[in-house]
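Student: I'd like to go through this model with you, one question at a time. Shall we begin?

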Amino acid sequence: MALFKEQSLKIYNSMSGEKELFTPITEGNVGMYVCGPTVYSNVHLGNCRTFISFDLVFRYLKHLGYKVRYVRNITDAGHLENDAETGEDRIAKKARLEHIEPMEVVQRYTIDFHNILQKFNNLPPSIEPTATGHIVEQIETIKKIIEKGLAYEVNGSVYFDVFKFNKDHHYGKLSGRAIEDMIANTRELQAQSDKKNPQDFALWKKAEPQHIMRWPSPWSDGFPGWHLECTVMSSKYLGDEFDIHGGGMDLKFPHHECEIAQGEAATGKNPVHYWMHANMLTLNGKKMAKSTGNNILPEEIFTGKNDNLSKAFSPSVARFFMLQAQYRSILDFSNDALLASEKGFNRLMDSYRSIDQLPTSSTSSFSVSEWKQKCYDAMNDDFNSPVLIATLFEAVKFINSVKEGEGKITDADQELLKSSMQAFIFDVLGLLDVAVANENNSEKLSGTVELLIKLRAEARNNKDFATSDQIRDQLLEIGIQLKDGKEGTTFSVD
(Lines give C-alpha, C1' and ligand atoms only; values in the text may rest on other atoms or scores of the structure.)
Protein backbone atom coordinates (compact mmCIF):
# COMPACT_ATOMS: atom_id res chain seq x y z
CA MET A 1 0.00 0.00 0.00
CA ALA A 2 1.30 3.46 -0.91
CA LEU A 3 2.52 5.54 2.03
CA PHE A 4 0.15 8.41 1.19
CA LYS A 5 -2.74 6.15 2.18
CA GLU A 6 -1.26 5.75 5.66
CA GLN A 7 -0.17 9.35 6.25
CA SER A 8 -2.41 12.43 6.56
CA LEU A 9 -0.59 15.38 4.99
CA LYS A 10 -1.77 18.91 5.80
CA ILE A 11 -0.72 21.91 3.70
CA TYR A 12 -1.05 25.57 4.68
CA ASN A 13 -3.20 27.02 1.92
CA SER A 14 -2.50 30.73 1.39
CA MET A 15 -5.99 31.10 -0.07
CA SER A 16 -7.79 30.04 3.13
CA GLY A 17 -5.05 30.99 5.60
CA GLU A 18 -5.36 27.55 7.20
CA LYS A 19 -3.73 24.14 7.15
CA GLU A 20 -5.90 21.84 5.05
CA LEU A 21 -5.86 18.08 4.57
CA PHE A 22 -4.22 17.43 1.22
CA THR A 23 -6.55 15.63 -1.18
CA PRO A 24 -5.29 15.64 -4.78
CA ILE A 25 -7.73 16.00 -7.66
CA THR A 26 -6.77 12.54 -8.95
CA GLU A 27 -5.89 9.97 -6.30
CA GLY A 28 -2.24 9.01 -6.34
CA ASN A 29 -1.28 11.86 -8.71
CA VAL A 30 -0.14 15.40 -7.95
CA GLY A 31 0.20 18.35 -10.32
CA MET A 32 2.52 21.04 -8.95
CA TYR A 33 3.58 24.32 -10.57
CA VAL A 34 6.27 26.64 -9.17
CA CYS A 35 7.17 30.04 -10.60
CA GLY A 36 10.74 29.79 -11.89
CA PRO A 37 13.43 32.44 -12.38
CA THR A 38 13.67 35.35 -14.76
CA VAL A 39 17.04 34.52 -16.28
CA TYR A 40 18.78 37.90 -16.61
CA SER A 41 21.36 37.52 -13.80
CA ASN A 42 22.94 34.95 -11.48
CA VAL A 43 20.34 33.24 -9.30
CA HIS A 44 20.43 34.81 -5.82
CA LEU A 45 20.26 33.03 -2.50
CA GLY A 46 16.69 34.11 -1.71
CA ASN A 47 15.49 32.45 -4.91
CA CYS A 48 17.49 29.34 -4.02
CA ARG A 49 15.71 29.11 -0.67
CA THR A 50 12.34 29.11 -2.47
CA PHE A 51 13.42 26.40 -4.90
CA ILE A 52 14.94 24.30 -2.08
CA SER A 53 11.64 24.63 -0.16
CA PHE A 54 9.66 23.28 -3.12
CA ASP A 55 12.27 20.62 -3.77
CA LEU A 56 11.49 19.42 -0.23
CA VAL A 57 7.77 19.37 -1.11
CA PHE A 58 8.48 17.49 -4.35
CA ARG A 59 10.72 14.97 -2.58
CA TYR A 60 8.25 14.27 0.22
CA LEU A 61 5.30 13.81 -2.13
CA LYS A 62 7.39 11.34 -4.16
CA HIS A 63 8.48 9.61 -0.94
CA LEU A 64 4.82 9.16 -0.01
CA GLY A 65 4.31 7.32 -3.28
CA TYR A 66 2.54 10.01 -5.30
CA LYS A 67 3.20 10.27 -9.01
CA VAL A 68 4.17 13.95 -9.21
CA ARG A 69 4.30 16.13 -12.31
CA TYR A 70 6.37 19.10 -11.20
CA VAL A 71 6.38 22.03 -13.64
CA ARG A 72 8.73 24.99 -13.08
CA ASN A 73 9.00 27.63 -15.79
CA ILE A 74 11.85 29.72 -17.12
CA THR A 75 10.84 33.36 -17.74
CA ASP A 76 12.91 34.37 -20.74
CA ALA A 77 10.72 37.26 -21.99
CA GLY A 78 8.02 39.67 -20.90
CA HIS A 79 9.21 40.45 -17.37
CA LEU A 80 9.58 44.23 -17.22
CA GLU A 81 11.74 46.15 -14.76
CA ASN A 82 10.34 46.55 -11.22
CA ASP A 83 7.43 44.26 -12.17
CA ALA A 84 5.83 47.30 -13.83
CA GLU A 85 3.65 47.68 -16.92
CA THR A 86 6.17 50.01 -18.58
CA GLY A 87 9.92 50.08 -19.09
CA GLU A 88 12.40 47.61 -20.53
CA ASP A 89 12.31 43.85 -20.50
CA ARG A 90 14.94 42.77 -17.94
CA ILE A 91 16.60 40.34 -20.36
CA ALA A 92 16.58 42.80 -23.27
CA LYS A 93 18.13 45.46 -21.02
CA LYS A 94 20.94 43.11 -19.98
CA ALA A 95 21.53 42.21 -23.64
CA ARG A 96 21.70 45.90 -24.61
CA LEU A 97 24.14 46.74 -21.82
CA GLU A 98 26.43 43.81 -22.66
CA HIS A 99 26.05 44.12 -26.47
CA ILE A 100 24.91 40.52 -26.90
CA GLU A 101 21.74 38.77 -28.09
CA PRO A 102 18.91 38.35 -25.53
CA MET A 103 19.04 34.58 -25.97
CA GLU A 104 22.73 34.67 -25.03
CA VAL A 105 21.68 36.25 -21.74
CA VAL A 106 18.99 33.59 -21.31
CA GLN A 107 21.40 30.74 -22.06
CA ARG A 108 24.13 32.02 -19.73
CA TYR A 109 21.89 32.48 -16.70
CA THR A 110 19.74 29.40 -17.30
CA ILE A 111 22.94 27.33 -17.18
CA ASP A 112 23.99 29.15 -13.97
CA PHE A 113 20.56 28.48 -12.44
CA HIS A 114 20.75 24.75 -13.22
CA ASN A 115 24.35 24.45 -12.00
CA ILE A 116 23.61 26.11 -8.67
CA LEU A 117 20.47 24.04 -7.99
CA GLN A 118 22.37 20.88 -8.91
CA LYS A 119 25.01 21.78 -6.31
CA PHE A 120 22.22 22.19 -3.75
CA ASN A 121 21.09 18.67 -4.79
CA ASN A 122 17.69 19.83 -6.05
CA LEU A 123 15.86 17.31 -8.20
CA PRO A 124 15.07 18.65 -11.69
CA PRO A 125 11.36 19.33 -12.36
CA SER A 126 9.34 17.00 -14.58
CA ILE A 127 8.88 19.78 -17.17
CA GLU A 128 10.67 23.13 -17.47
CA PRO A 129 8.86 25.19 -20.13
CA THR A 130 9.97 28.62 -21.34
CA ALA A 131 7.85 31.68 -21.98
CA THR A 132 9.26 32.15 -25.50
CA GLY A 133 8.39 28.55 -26.32
CA HIS A 134 4.70 29.21 -25.65
CA ILE A 135 3.93 32.48 -27.45
CA VAL A 136 1.27 30.82 -29.66
CA GLU A 137 -0.58 29.42 -26.63
CA GLN A 138 -0.45 32.80 -24.90
CA ILE A 139 -1.98 34.53 -27.90
CA GLU A 140 -4.78 31.93 -28.00
CA THR A 141 -5.53 32.47 -24.30
CA ILE A 142 -5.70 36.23 -24.81
CA LYS A 143 -8.22 35.67 -27.61
CA LYS A 144 -10.40 33.60 -25.23
CA ILE A 145 -10.33 36.30 -22.55
CA ILE A 146 -11.23 38.99 -25.13
CA GLU A 147 -14.12 36.81 -26.36
CA LYS A 148 -15.42 36.61 -22.78
CA GLY A 149 -15.43 40.41 -22.71
CA LEU A 150 -12.84 40.55 -19.93
CA ALA A 151 -9.98 42.13 -21.90
CA TYR A 152 -9.66 45.01 -24.36
CA GLU A 153 -7.16 46.24 -26.94
CA VAL A 154 -5.77 49.78 -27.04
CA ASN A 155 -3.10 50.94 -29.49
CA GLY A 156 -1.79 47.41 -30.05
CA SER A 157 -1.66 46.42 -26.38
CA VAL A 158 -4.23 44.20 -24.64
CA TYR A 159 -5.27 44.73 -21.02
CA PHE A 160 -7.23 42.60 -18.58
CA ASP A 161 -10.37 44.41 -17.37
CA VAL A 162 -10.12 43.98 -13.58
CA PHE A 163 -13.30 45.95 -12.79
CA LYS A 164 -15.44 43.94 -15.20
CA PHE A 165 -13.94 40.66 -13.93
CA ASN A 166 -14.59 41.73 -10.33
CA LYS A 167 -18.35 42.03 -10.94
CA ASP A 168 -18.73 38.25 -10.89
CA HIS A 169 -15.42 37.24 -9.27
CA HIS A 170 -13.16 38.44 -6.49
CA TYR A 171 -9.91 39.98 -7.71
CA GLY A 172 -7.70 40.14 -4.61
CA LYS A 173 -8.97 37.06 -2.77
CA LEU A 174 -5.53 35.43 -2.47
CA SER A 175 -3.83 38.49 -1.00
CA GLY A 176 -6.91 39.56 0.98
CA ARG A 177 -7.34 42.85 -0.87
CA ALA A 178 -10.55 44.61 -1.76
CA ILE A 179 -10.85 46.37 -5.11
CA GLU A 180 -12.13 49.50 -3.33
CA ASP A 181 -8.92 49.75 -1.31
CA MET A 182 -6.84 49.30 -4.44
CA ILE A 183 -8.67 52.20 -6.10
CA ALA A 184 -8.16 54.44 -3.06
CA ASN A 185 -4.42 53.70 -2.97
CA THR A 186 -3.78 54.15 -6.71
CA ARG A 187 -2.42 57.21 -8.41
CA GLU A 188 -3.04 57.54 -12.13
CA LEU A 189 0.23 57.56 -14.05
CA GLN A 190 0.69 59.21 -17.42
CA ALA A 191 2.28 56.05 -18.83
CA GLN A 192 -0.81 54.07 -17.87
CA SER A 193 -3.22 56.26 -19.83
CA ASP A 194 -3.99 53.45 -22.32
CA LYS A 195 -5.74 51.54 -19.56
CA LYS A 196 -9.36 52.01 -18.60
CA ASN A 197 -8.36 51.69 -14.95
CA PRO A 198 -4.95 51.71 -13.18
CA GLN A 199 -5.68 48.23 -11.74
CA ASP A 200 -5.90 46.66 -15.20
CA PHE A 201 -2.81 44.69 -16.23
CA ALA A 202 -1.20 43.82 -19.55
CA LEU A 203 -1.84 40.55 -21.35
CA TRP A 204 0.05 41.73 -24.44
CA LYS A 205 2.30 44.75 -24.86
CA LYS A 206 3.01 46.47 -28.15
CA ALA A 207 6.78 46.65 -28.60
CA GLU A 208 8.39 50.06 -28.94
CA PRO A 209 10.69 50.41 -31.99
CA GLN A 210 13.79 49.86 -29.84
CA HIS A 211 12.39 46.77 -28.11
CA ILE A 212 14.47 43.75 -29.20
CA MET A 213 12.20 40.89 -28.12
CA ARG A 214 8.98 40.89 -30.17
CA TRP A 215 6.56 38.49 -31.83
CA PRO A 216 3.69 39.00 -34.30
CA SER A 217 0.14 38.88 -32.92
CA PRO A 218 -3.36 39.92 -34.09
CA TRP A 219 -2.90 43.20 -32.15
CA SER A 220 0.72 44.22 -32.81
CA ASP A 221 4.30 43.07 -32.90
CA GLY A 222 4.91 42.78 -29.19
CA PHE A 223 5.42 40.46 -26.27
CA PRO A 224 3.25 38.73 -23.65
CA GLY A 225 2.56 40.02 -20.17
CA TRP A 226 4.60 38.41 -17.40
CA HIS A 227 1.52 37.17 -15.50
CA LEU A 228 0.07 35.44 -18.55
CA GLU A 229 3.07 33.14 -19.06
CA CYS A 230 2.48 31.13 -15.89
CA THR A 231 -1.27 30.78 -16.48
CA VAL A 232 -0.65 29.37 -19.96
CA MET A 233 2.20 27.01 -19.07
CA SER A 234 0.59 25.65 -15.89
CA SER A 235 -2.73 24.92 -17.64
CA LYS A 236 -1.02 23.37 -20.69
CA TYR A 237 0.90 20.80 -18.65
CA LEU A 238 -1.32 20.36 -15.57
CA GLY A 239 -4.83 21.14 -16.82
CA ASP A 240 -7.27 23.96 -16.15
CA GLU A 241 -7.39 22.84 -12.49
CA PHE A 242 -4.39 21.41 -10.64
CA ASP A 243 -3.30 20.68 -7.08
CA ILE A 244 -0.44 22.92 -5.92
CA HIS A 245 0.95 26.25 -7.05
CA GLY A 246 4.05 27.59 -5.30
CA GLY A 247 6.34 30.57 -5.35
CA GLY A 248 7.93 33.25 -3.19
CA MET A 249 5.80 35.33 -0.83
CA ASP A 250 6.56 38.40 -2.94
CA LEU A 251 4.66 36.89 -5.88
CA LYS A 252 1.33 36.64 -4.05
CA PHE A 253 0.33 40.09 -5.32
CA PRO A 254 0.04 40.97 -8.08
CA HIS A 255 1.53 38.00 -9.95
CA HIS A 256 -0.47 35.12 -8.47
CA GLU A 257 -3.59 37.26 -8.10
CA CYS A 258 -3.42 37.97 -11.83
CA GLU A 259 -2.85 34.28 -12.60
CA ILE A 260 -6.07 33.39 -10.76
CA ALA A 261 -8.02 36.08 -12.63
CA GLN A 262 -6.67 34.99 -16.03
CA GLY A 263 -7.36 31.30 -15.33
CA GLU A 264 -10.92 31.92 -14.16
CA ALA A 265 -11.57 34.30 -17.07
CA ALA A 266 -10.27 31.85 -19.69
CA THR A 267 -11.80 28.61 -18.38
CA GLY A 268 -14.43 29.52 -15.80
CA LYS A 269 -12.64 27.22 -13.31
CA ASN A 270 -10.69 27.76 -10.10
CA PRO A 271 -7.18 26.94 -11.40
CA VAL A 272 -5.39 26.00 -8.16
CA HIS A 273 -6.55 24.04 -5.09
CA TYR A 274 -3.57 24.72 -2.77
CA TRP A 275 -1.51 27.91 -2.89
CA MET A 276 1.89 27.72 -1.16
CA HIS A 277 4.27 30.62 -0.53
CA ALA A 278 7.86 30.47 0.76
CA ASN A 279 9.14 33.35 2.88
CA MET A 280 12.18 35.54 2.37
CA LEU A 281 15.81 35.17 3.35
CA THR A 282 17.60 38.07 5.07
CA LEU A 283 21.37 38.62 5.45
CA ASN A 284 22.69 39.76 8.84
CA GLY A 285 19.19 40.89 9.82
CA LYS A 286 18.61 43.03 6.71
CA LYS A 287 16.85 42.45 3.41
CA MET A 288 19.15 41.10 0.70
CA ALA A 289 19.70 43.65 -2.06
CA LYS A 290 22.40 44.04 -4.70
CA SER A 291 21.97 47.83 -4.60
CA THR A 292 23.03 48.08 -0.92
CA GLY A 293 25.75 45.44 -1.12
CA ASN A 294 23.91 43.33 1.47
CA ASN A 295 23.92 40.38 -0.85
CA ILE A 296 25.72 37.08 -1.34
CA LEU A 297 25.69 34.66 -4.26
CA PRO A 298 25.58 30.90 -3.71
CA GLU A 299 28.96 30.40 -5.42
CA GLU A 300 30.50 32.88 -2.96
CA ILE A 301 29.33 30.66 -0.09
CA PHE A 302 30.84 27.54 -1.65
CA THR A 303 34.21 29.20 -2.35
CA GLY A 304 34.38 31.43 0.75
CA LYS A 305 35.20 34.43 -1.45
CA ASN A 306 32.95 37.04 0.16
CA ASP A 307 32.95 39.67 2.92
CA ASN A 308 30.18 38.09 5.01
CA LEU A 309 31.50 34.62 5.91
CA SER A 310 34.66 33.51 7.72
CA LYS A 311 35.10 30.40 5.57
CA ALA A 312 33.63 28.37 2.73
CA PHE A 313 30.60 26.18 3.37
CA SER A 314 29.48 23.20 1.31
CA PRO A 315 26.15 23.35 -0.58
CA SER A 316 24.80 20.60 1.70
CA VAL A 317 25.56 22.61 4.85
CA ALA A 318 23.89 25.68 3.30
CA ARG A 319 20.87 23.54 2.35
CA PHE A 320 20.74 22.05 5.86
CA PHE A 321 20.81 25.58 7.30
CA MET A 322 17.86 26.66 5.14
CA LEU A 323 15.82 23.57 6.07
CA GLN A 324 16.25 24.35 9.77
CA ALA A 325 13.52 26.96 9.34
CA GLN A 326 9.98 26.22 8.19
CA TYR A 327 9.48 27.41 4.61
CA ARG A 328 6.87 30.02 5.66
CA SER A 329 9.23 31.66 8.18
CA ILE A 330 11.69 34.48 7.53
CA LEU A 331 15.23 33.11 7.83
CA ASP A 332 18.32 35.19 8.59
CA PHE A 333 21.56 34.14 6.95
CA SER A 334 24.73 34.86 8.95
CA ASN A 335 28.22 33.51 9.56
CA ASP A 336 27.39 32.34 13.11
CA ALA A 337 24.22 30.57 11.94
CA LEU A 338 26.13 28.72 9.23
CA LEU A 339 28.93 27.69 11.63
CA ALA A 340 26.31 26.27 14.01
CA SER A 341 24.57 24.48 11.13
CA GLU A 342 27.86 22.95 10.00
CA LYS A 343 28.43 21.48 13.48
CA GLY A 344 24.90 20.08 13.55
CA PHE A 345 25.20 18.71 10.03
CA ASN A 346 28.46 16.91 10.87
CA ARG A 347 26.97 15.44 14.06
CA LEU A 348 23.99 14.12 12.10
CA MET A 349 26.14 12.55 9.40
CA ASP A 350 28.61 11.04 11.92
CA SER A 351 25.75 9.42 13.79
CA TYR A 352 24.17 8.04 10.64
CA ARG A 353 27.48 6.53 9.51
CA SER A 354 27.97 4.86 12.91
CA ILE A 355 24.64 2.96 13.00
CA ASP A 356 26.13 -0.20 11.44
CA GLN A 357 28.78 -0.36 14.17
CA LEU A 358 26.33 -0.21 17.09
CA PRO A 359 26.38 -3.24 19.42
CA THR A 360 22.98 -4.95 19.37
CA SER A 361 20.98 -6.50 22.19
CA SER A 362 17.89 -8.63 22.68
CA THR A 363 15.83 -5.53 23.59
CA SER A 364 15.67 -1.85 22.60
CA SER A 365 15.56 1.05 25.04
CA PHE A 366 14.09 3.33 22.35
CA SER A 367 10.97 2.83 20.24
CA VAL A 368 12.30 3.27 16.72
CA SER A 369 8.86 2.71 15.15
CA GLU A 370 7.30 5.52 17.27
CA TRP A 371 10.24 7.78 16.46
CA LYS A 372 9.80 7.04 12.74
CA GLN A 373 6.13 8.09 12.90
CA LYS A 374 7.19 11.31 14.65
CA CYS A 375 9.35 12.04 11.60
CA TYR A 376 6.30 11.57 9.37
CA ASP A 377 4.15 13.67 11.72
CA ALA A 378 6.61 16.55 11.32
CA MET A 379 6.53 16.41 7.52
CA ASN A 380 2.76 15.86 7.48
CA ASP A 381 2.42 19.16 9.36
CA ASP A 382 2.93 21.40 6.32
CA PHE A 383 6.42 20.04 5.54
CA ASN A 384 7.83 21.11 8.91
CA SER A 385 11.51 20.43 8.24
CA PRO A 386 12.85 22.03 11.49
CA VAL A 387 10.71 19.68 13.59
CA LEU A 388 11.86 16.76 11.41
CA ILE A 389 15.50 17.76 11.99
CA ALA A 390 14.89 18.04 15.75
CA THR A 391 13.36 14.53 15.65
CA LEU A 392 16.39 13.22 13.75
CA PHE A 393 18.57 14.57 16.57
CA GLU A 394 16.52 12.54 19.05
CA ALA A 395 17.85 9.51 17.15
CA VAL A 396 21.38 10.99 17.28
CA LYS A 397 21.10 11.22 21.09
CA PHE A 398 19.91 7.59 21.24
CA ILE A 399 22.74 6.39 18.96
CA ASN A 400 25.27 8.08 21.25
CA SER A 401 23.69 6.42 24.29
CA VAL A 402 24.08 3.00 22.66
CA LYS A 403 27.72 3.78 21.86
CA GLU A 404 28.30 4.65 25.52
CA GLY A 405 26.65 1.46 26.69
CA GLU A 406 23.67 3.21 28.26
CA GLY A 407 21.12 2.43 25.51
CA LYS A 408 20.19 -0.83 23.80
CA ILE A 409 19.02 -1.66 20.27
CA THR A 410 17.91 -4.90 18.62
CA ASP A 411 19.07 -6.07 15.18
CA ALA A 412 15.63 -5.33 13.71
CA ASP A 413 15.53 -1.82 15.21
CA GLN A 414 19.07 -1.14 14.03
CA GLU A 415 17.99 -1.96 10.48
CA LEU A 416 14.80 0.13 10.79
CA LEU A 417 16.74 3.07 12.25
CA LYS A 418 19.29 2.96 9.41
CA SER A 419 16.67 2.77 6.62
CA SER A 420 14.49 5.48 8.21
CA MET A 421 17.37 7.92 8.76
CA GLN A 422 18.55 7.27 5.23
CA ALA A 423 15.07 8.02 3.85
CA PHE A 424 14.58 11.27 5.79
CA ILE A 425 18.16 12.62 5.58
CA PHE A 426 18.89 11.85 1.93
CA ASP A 427 15.59 11.20 0.11
CA VAL A 428 13.37 13.76 1.85
CA LEU A 429 15.72 16.51 3.07
CA GLY A 430 17.94 15.97 0.04
CA LEU A 431 21.22 16.26 1.96
CA LEU A 432 24.50 14.80 0.73
CA ASP A 433 27.12 13.21 2.97
CA VAL A 434 29.99 15.62 2.34
CA ALA A 435 32.61 13.36 3.94
CA VAL A 436 31.68 10.42 1.70
CA ALA A 437 31.59 12.69 -1.35
CA ASN A 438 35.03 14.09 -0.43
CA GLU A 439 36.34 10.55 0.09
CA ASN A 440 35.06 9.54 -3.36
CA ASN A 441 36.55 12.68 -4.90
CA SER A 442 39.87 11.97 -3.12
CA GLU A 443 39.96 8.47 -4.64
CA LYS A 444 39.26 9.91 -8.10
CA LEU A 445 41.96 12.56 -7.63
CA SER A 446 44.51 9.95 -6.53
CA GLY A 447 43.74 7.78 -9.54
CA THR A 448 44.06 10.72 -11.93
CA VAL A 449 47.37 11.93 -10.47
CA GLU A 450 48.82 8.38 -10.43
CA LEU A 451 47.97 8.12 -14.13
CA LEU A 452 49.77 11.43 -14.81
CA ILE A 453 52.78 10.24 -12.79
CA LYS A 454 52.91 7.10 -14.96
CA LEU A 455 52.71 9.18 -18.17
CA ARG A 456 55.45 11.48 -16.82
CA ALA A 457 57.68 8.48 -16.08
CA GLU A 458 57.18 7.20 -19.63
CA ALA A 459 58.07 10.64 -21.01
CA ARG A 460 61.27 10.71 -18.95
CA ASN A 461 62.22 7.21 -20.10
CA ASN A 462 61.78 8.41 -23.67
CA LYS A 463 63.92 11.47 -22.84
CA ASP A 464 60.88 13.70 -23.54
CA PHE A 465 61.79 16.07 -20.72
CA ALA A 466 59.58 18.89 -22.08
CA THR A 467 56.41 16.79 -21.54
CA SER A 468 57.72 15.52 -18.19
CA ASP A 469 58.33 19.06 -16.94
CA GLN A 470 54.98 20.27 -18.33
CA ILE A 471 53.07 17.60 -16.33
CA ARG A 472 55.00 18.50 -13.15
CA ASP A 473 54.60 22.27 -13.58
CA GLN A 474 50.90 22.23 -14.49
CA LEU A 475 50.09 19.99 -11.51
CA LEU A 476 52.01 22.42 -9.30
CA GLU A 477 49.91 25.32 -10.65
CA ILE A 478 46.75 23.69 -9.28
CA GLY A 479 48.34 22.87 -5.92
CA ILE A 480 49.58 19.30 -6.51
CA GLN A 481 53.30 18.87 -5.85
CA LEU A 482 55.22 15.86 -7.18
CA LYS A 483 58.15 14.51 -5.16
CA ASP A 484 60.69 12.22 -6.85
CA GLY A 485 62.46 9.73 -4.54
CA LYS A 486 64.25 6.38 -4.52
CA GLU A 487 60.93 4.53 -4.12
CA GLY A 488 59.34 6.41 -7.03
CA THR A 489 57.22 9.57 -7.32
CA THR A 490 54.71 10.62 -4.67
CA PHE A 491 52.44 13.69 -4.49
CA SER A 492 50.95 16.07 -1.96
CA VAL A 493 47.99 18.45 -2.25
CA ASP A 494 48.42 21.95 -0.85
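Tutor: Happily! One term first: contact means heavy atoms within 4.5 Å. Keep in mind too that this is a predicted model.

Student: Leaving aside neighbours within four places in sequence, which residues is His 256 in contact with?

Tutor: His 256 has its place in helix H8, residues 252-267. Once its neighbours within four places in sequence are set aside, the residues in contact with His 256 are Cys 35, Leu 174, His 245, Gly 246, Gly 247, Leu 251, Trp 275 and His 277.

Student: Does His 256 count as buried or exposed?

Tutor: Buried means under 20% relative accessible area. The relative accessibility of His 256 is 0%, so His 256 counts as buried.

Student: How far apart in space are His 256 and Gly 239, C-alpha to C-alpha?

Tutor: In sequence, 17 residues separate His 256 from Gly 239. From C-alpha to C-alpha, the distance between the two in space is 17 Å.

Student: Why is helix H10 largely enclosed by the rest of the structure?

Tutor: Helix H10 covers residues 315-323. Among its buried residues are Arg 319, Phe 320 and Phe 321. The helix is largely enclosed because, of its nine residues, the number buried is nine.

Student: Now a sheet. Which strands stand at the edges of the open sheet of four strands?

Tutor: The order in this sheet is E5-E6-E7-E8, and the pairing is antiparallel. An edge strand here has a single partner strand, so one side of it is left without a neighbour in the sheet; the two are E5 (151-154) and E8 (222-224).

Student: By how many degrees are neighbouring strands of this sheet turned against each other on average?

Tutor: With direction ignored, the average turn between neighbouring strands of this sheet is 20 degrees.

Student: What is the bridge partner of Tyr 159 in E7?

Tutor: Strand E6 (residues 157-160) and strand E7 (residues 201-206) run antiparallel and are joined by three bridges. In E7, Tyr 159 has as its bridge partner Ala 202.

Student: Which helix packs on the sheet?

Tutor: The helix touches E5, E6, E7 and E8, and its direction makes about 125 degrees with that of E7. It spans residues 135-147 and is helix H4.

Student: Finally, what percentage of the residues in the chain is buried?

Tutor: The chain has 16 helices and 15 strands. Its C-alpha atoms fill a box of roughly 85 × 70 × 40 Å along the principal axes. Of the 494 residues in the chain, the buried ones make up 50%.

Technical notes:
Residues are numbered from 1 along each chain as its sequence is written. This is a predicted model: local features need pLDDT of at least 70, side-chain atom pairs count only at pLDDT 80 or more; totals for chains, interfaces and linings use all residues. Side-chain values use heavy atoms; hydrogens and water are left out. Buried means under 20% relative accessible area, exposed over 50%, partly exposed in between (1.4 Å probe, protein chains only). Two strands pair if DSSP finds at least two bridges between them. Axes are lines fitted to C-alpha atoms, for helices over the stretch in contact, and angles run from 0 to 180 degrees between N-to-C directions.
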